[in-house]
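Me: I have a model open and would like to understand the labels people attach to it. Could you go through them with me, one at a time?

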Amino acid sequence: MTQHYSHVRHPVRKIPTKEQLEYAARRQAQYEASEEADPSYSGHSAGIHPEHRPYVTDDFDLEEGEEYYQTRLPTSSRRYQVSPEEVYQSGNQRLHVRYVDVPKRKSRQQLPAPRERYTEEVEALPQAKRHIHPVAWFGIFCVLLVLGWLGLNFSTSWYQGIQNDWTYGTQRHYEVDAVVGHNNDSAAHPSHFTAENNNGQIIVIELPAGDVSKAKIYQIETVPGNAGNPPVKLSFQDMNGDGRPDMIIQIGNNNAVIYLTLYNNGSQFVSKL
């Protein structure tokens, strides 16, 4: 039996509403906007999206192949390079030999060459100049002045000692002739006087008119410790106005000088008349 087309039942066609059309237009506009070139787009990877459009993607469809899920278990064994098997016949014995290339131990391995030490040269910064305070200069000047004064005194004393050695000798011996009226001395036969510093003992020896048998010794002074080893010098002058020359003893020289006077009584010299 032939059925006419008009009698065939067809499914009812659904006509979208106005709201559905507007929603579809908005989705189409959003899709087209997302497909436009993005100036901040720097790459693409699964699950990664631009920063200004963050969202979570759906699950990705992974490959269903079994080899995709095959993973190799970790192992600590090492694989060595093994040579092909070699067979040796020795009588009734057959030997199967393989050579294995075993790496050297760490203690036998060659150490790497030492790396060159690199030192960065740092440019030295200019140091600020130090200025000395004027008071410090004044203190330095005072110290130098004192040291110079001490050095000058020492050098002067040393030179004076050398000069005394040249003049009086190391024993500080001094001789002089004078007419003092003892033992009828005269200009032809004057009395002879010797002054000495005998290790701090100051003595004067008189030979009246040169006669040794009538010699007189005068102990003048004692210098404690013979400090400075001072020289002794004699001079004769009438100090009390009695017409007879008196003896003046000079111990030392320059600024350290002591003068002592012995008076003439007509036959010898005394400390007091």
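Me: What makes S7 and S8 a pair of strands?

Reply: Happy to help, and do keep in mind that this is a predicted model. S7 and S8 are joined by 6 bridges and run antiparallel. Pairing asks for at least two bridges between the strands, so S7 and S8, with their 6 bridges, count as a pair. One place to look is Ile203, whose bridge partner in S8 is Gln219.

Me: How do you know that S7 also pairs with S6?

Reply: The reasoning runs along similar lines: 7 bridges join S6 to S7, and the two run antiparallel. That meets the need for at least two bridges, so S6 and S7 pair. Across this pairing, Glu196 stands opposite Ile203 in S7. The hairpin of S6 and S7 has 2 residues between the strands, and Asn199 takes a positive phi near 55° there.

Me: Why is S7 called mostly covered?

Reply: Of the 7 residues in S7, 5 are buried. Buried means under 20% relative accessible area, so 5 residues of S7 fall below that cut-off. For the chain as a whole, buried residues make up 16% of 273 residues.

Me: What makes a group of residues the largest nonpolar core here, and which of them have the most contacts inside it?

Reply: The core has 17 residues, and Phe193, Val204, Leu234, Met247 and Ile249 have the most contacts inside it. Membership asks for buried nonpolar residues joined through side-chain atoms within 4.5 Å, so these five meet that rule. Strands S5, S6, S7, S8, S9 and S10 each give two or more residues to this core, and S10 gives the most, with 3. Val204 touches, among others, Phe193, Leu234 and Met247.

Me: What makes S9 and S12 edge strands?

Reply: They belong to an open sheet of 4 strands in the order S9-S10-S11-S12, with antiparallel pairing. S9 and S12 each have a single partner strand, so one side of each is left without a neighbour in the sheet. Further in, S10 and S11 are joined by 7 bridges and run antiparallel; Thr261 in S11 is the bridge partner of Ile248.

Me: Why is the contact between Arg244 and Asp242 called a salt bridge?

Reply: In general, side chains of opposite charge can pair when their charged atoms come close. The closest N and O atoms of Arg244 and Asp242 are 3.3 Å apart. The cut-off is within 4 Å, so this contact qualifies as a salt bridge. The structure holds 1 salt bridge.

Me: Are those two residues buried, partly exposed or exposed, and how do you know that?

Reply: Arg244 has a relative accessible area of 32%, and Asp242 has 31%. Partly exposed lies between the 20% and 50% cut-offs, so Arg244 and Asp242 are both partly exposed.

Me: What makes Val146 fit into a nonpolar surface patch?

Reply: Val146 is found in helix H2. Its relative accessible area is 47%, which makes Val146 partly exposed. A patch residue needs over 30%, so Val146 at 47% clears that cut-off. The patch covers about 940 Å², and its members include Ile132, Trp137, Val146 and Trp149.

Me: And how many helices and strands does the chain have?

Reply: The chain has 2 helices and 12 strands, and from the N terminus on its elements run α-β-β-β-β-α-β-β-β-β-β-β-β-β.

Methods. Residues are numbered from 1 along each chain as its sequence is written. This is a predicted model: local features need pLDDT of at least 70, side-chain atom pairs count only at pLDDT 80 or more; totals for chains, interfaces and linings use all residues. Side-chain values use heavy atoms; hydrogens and water are left out. Patches are made of residues with over 30% relative accessible area and no salt bridge: like charges are joined within 9 Å, nonpolar side chains (Val, Leu, Ile, Met, Phe, Trp, Tyr) within 5 Å. Accessible areas come from the Shrake-Rupley method with a 1.4 Å probe; for residues, only the protein chains shown count as cover. A salt bridge is a side-chain nitrogen of Lys or Arg within 4 Å of a carboxyl oxygen of Asp or Glu. Buried means under 20% relative accessible area, exposed over 50%, partly exposed in between (1.4 Å probe, protein chains only). Contact means heavy atoms within 4.5 Å. Lists of a residue's contacts leave out its neighbours within four places in sequence.
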